[in-house]
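Good morning, and thank you for joining this meeting. May I ask you to look at the structure that is about to appear.

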Amino acid sequence: MAASITLLVNGQAHSVQIDPRTSLLDALRERLDLTGTKKGCDQGGCGACTVLLDDRRVLSCLTLAVQADGRPVTTIEGVAHPLQDAIVEADGLQCGYCTPGQVCSALGMLAEHRAGAPSHVTADVASHPPLDRQEIRERMSGNLCRCGAHNGIVEAIEAVASDAKSEAAAS
Ligand code: FES
Ligand code: FES
């Protein structure tokens, strides 16, 4: 039996009747024509499908559309952030297939870091570690890039994080 849900995507409400087994990824791509969110593995291994749900990063291939009912979802189509230019400037993409997931994941990751969440490589979990390359690599390790553009992606995230820090210090 189909479920009636409301998907709130990038500030727009969409009422859909959907098979309750449908993933959020398939709902976005096939029902709402939001194809910026990519399907890589469809089993939680690559990060290409990352979106923000309640401002937190999730793998949309492992999230049921019904779980997102009435909750704000942000996809790459709803993102306009300096990180996107920074990735281009740092040569952080080649084919671009992983890029929407990298951007959404990085935005979620930066918010997690601001909130003080430690990572696996944080030596002192009671501290608020600086977002150095090792921390960025670990925190972004769920997002693969088959073109090998990881160095540029990390460089772009580092640049944006450092700009945000300078702005916060100046204000
Ligand atoms: S498509 Fe979702 S993690 Fe690969
Ligand atoms: S730019 Fe091609 S997979 Fe990352």
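I shall speak about the salt bridges and then about a pocket.

This is a predicted model, in which local features need pLDDT of at least 70, side-chain atom pairs count only at pLDDT 80 or more, and totals for chains, interfaces and linings use all residues. Residues are numbered from 1 along each chain as its sequence is written, chains are lettered from A and ligands numbered from 1 in the order in which they are written, and side-chain values use heavy atoms, with hydrogens and water left out.

The structure holds 7 salt bridges, a salt bridge being a side-chain nitrogen of Lys or Arg within 4 Å of a carboxyl oxygen of Asp or Glu. One of them joins Arg-139 to Glu-135, with the closest N and O atoms 2.8 Å apart. Both residues lie in helix H4 (residues 133-139), 4 residues apart, about one turn of the helix; helices here are DSSP runs (H or I, at least four residues), numbered from the N terminus.

Are these two residues buried or exposed? Arg-139 is buried, at 7% relative accessible area, and Glu-135 is buried as well, at 4%. Buried means under 20% relative accessible area, exposed over 50%, and partly exposed in between (1.4 Å probe, protein chains only).

Asp-19 forms a salt bridge with Arg-21, at 2.6 Å between the closest N and O atoms. Here Asp-19 is partly exposed, at 32%, whereas Arg-21 is exposed, at 71%.

Lys-39 and Asp-42 also meet in a salt bridge (3.7 Å, N to O), and a network of salt bridges links Asp-26, Lys-39 and Asp-42.

I turn lastly to the largest pocket, which is lined by 21 residues. A pocket is an open set of points on a 1 Å grid over the protein atoms alone, where a 1.4 Å probe fits, with protein on both sides within 12 Å along at least five of seven lines; lining residues have an atom within 4 Å of a point. Helix H5 gives the largest share of this lining, 10 residues.

Notes: Helices (H or I, at least four residues) and strands (E, at least two) are DSSP runs, numbered from the N terminus.
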